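User: Hello! I would like a close look at a single part of this model, and a connected answer would suit me best.

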Amino acid sequence: MSIRGQAMIAGAFEHPLRKIPDISIPRLHAEVAAGALADAGLTFADVDAYFCAGDAPGFGPLSMADYMGLTNLRYVDSTDIGGSSYVAHIGHAAAAIAAGKCEVALVTLGGLPLQGPAFSAVNNPANPEYAFENVFGTTTPAMYALAAQRHMHEYGTTPEQLAEVKVAASHHAQHNPNALLQKVVTVEDVLNSPYIADPLHRLDCCVITDGGGAVVVVSPAVAKRLERQSVTVLGHGEAPKTAAGGRIDLTHTGAVWSGPKAFAEAGVTHADIDYASIYDSFTITVIETIEDLGFCEKGQGGAFVASGALRAPDGGLPFNTDGGGLCNNHPVNRGGMTKVLEAVRQLRGEAHPAVQVPDADIALAHGTGGSLGTRMGSATLILGREA
Amino acid sequence: MTDATNAGAASAEGGARIGSDLPAPAPAQNPETAGFWKATTEGRLLFTRCDSCSEPTWYPREFCPHCGTLDVTWEEAAGTGTVYSFTIVRRGALGPYAGGSPYVLAYVELDEGVRMMTNIVEIDEAELRIGLPVRAVFHDTGDGSALPRFEPAA
């Protein structure tokens, strides 16, 4: 069974704020849920499936279903694979809808890392790897720095090439009035920013923001009743990558597996992708991911981005036109939701005119979770403009 | 405590020796890992090898993730290897590392073939490179364990 064309994203909403000092996390989830449902033209009473990850407070989906009064649920899923969770959730929702298990699936993300310690699945001493990794002083940027260092060693990737990912994102963010960082930066700006963990500078790292977002995934029958333009789910792939029992290879991501599954299910090729949301926790994340998704040869990601390919609207692979996690928003340190949201905007023709890809028919959204340096979630979605 | 920012700048400019003053937080132990940590107090680095497929595993565990076998044997590593990748953590250190000097986080590939997360210590920044030969040293946590770290072998 394929999910191709069996489910639609009917509603999407991104919280407009990046610092939210006076709200609770449950209320934040409810606000983004209300926003996505209103966008779709639906109500909380229509929701019969709910998806959330570790950022949702309390007892998985039960606490939030309780808080939001979701009394008509017949399907729940709290898969947590870090920032990639919400990309995977849409694939799971589409499969559940295709199987007839539900018709209106709500997915929420929300959190307030600037207001206090955020939920972290990684820094938990109960994790079996903790005593063999975290005791040595691991940090999230350091994990990605290890991958960057090795990629540079094996493929000759340069700091300037890494920096171009941030530069392209900043060119897009200047048009987003909600973006945390709206200033255009240069390669020199990136290289002159202080090292966080060599070879990654401050500007190689994504922003940290309060905020959240939500999407509503519905059956084609429900979508047909709605006035709002929907986006069709064409394909989905996911694949955790592990540390492989001591055989870890830092130069590739789980996208080597999730990407081909999504392309095969969607029945499209790389040349068909008009726009791509590529998870950008760090600049190296983008370079490894576009290689692994097959947009360029392995090891050529640096040269690919340096050619200007990522810049909208004219680059060969316009990416993260909202400014991405590097400039716009990375709510709760989990960027998968915002990747989907900008892909939906592009396919509806509702991205900022300066970065809207003309006639965007097919978009890809890719999520990464955990870390390139150890174990990671990887999820790829391919979406299409409603026929 | 040295401010991490200033120490990072000094290190980058002066090529100061790094990793001389790292904390040694005690890892949580459980019945599966207690023997491993006891060995570290004797200066021995253990790993597990599968009784069925003979593959070594890191982090060590009483299970083979390569073939799914429950039977493994603890073996002693030579304690030598090479740097597979490294970074210098200059900002954002957590827990016991917060507020300290920059330090090196690395993967070392042991001669037995597994790659392990660790720190490189007693090293000049200019010496750091992928492929650098290193040997294990053990930093006592004061709580029945020692952290296996590595210093340049030469």
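How many Å separate the centres of domain 1 of chain A and domain 2 of chain A?

Analyst: Happy to help! This is a predicted model, in which local features need pLDDT of at least 70 and side-chain atom pairs count only at pLDDT 80 or more, while totals for chains, interfaces and linings use all residues. Residues are numbered from 1 along each chain as its sequence is written, and chains are lettered from A and ligands numbered from 1 in the order in which they are written.

Taken over C-alpha atoms, the two centres lie 23 Å apart. Domain 1 of chain A covers 8–118 + 210–232 and domain 2 covers 130–206 + 235–385, with bounds from an automatic or database domain assignment. Where they meet, 30 residues of domain 1 are in contact with 35 residues of domain 2; contact means that C-beta atoms, placed from the backbone, lie within 7 Å.

On the domain 1 side, at least two residues each come from strand 1 (8–14), helix 3 (85–98), strand 4 (104–111), strand 7 (211–218) and strand 8 (231–238) of chain A. Helices (H or I, at least four residues) and strands (E, at least two) are DSSP runs, numbered from the N terminus. Helix 3 of chain A gives the most to this side, with seven residues. By class, the side of domain 1 that touches domain 2 has 14 nonpolar, twelve polar and four charged residues; Ala, Val, Leu, Ile, Met, Phe, Trp, Tyr, Cys and Pro count as nonpolar, Asp, Glu, Lys and Arg as charged, and the others, Gly among them, as polar.

For the setting, chain A has 13 helices and eleven strands, and its C-alpha atoms fill a box of roughly 55 × 45 × 40 Å along the principal axes.

Conventions: Two residues are in contact if their C-beta atoms, placed from the backbone, lie within 7 Å.
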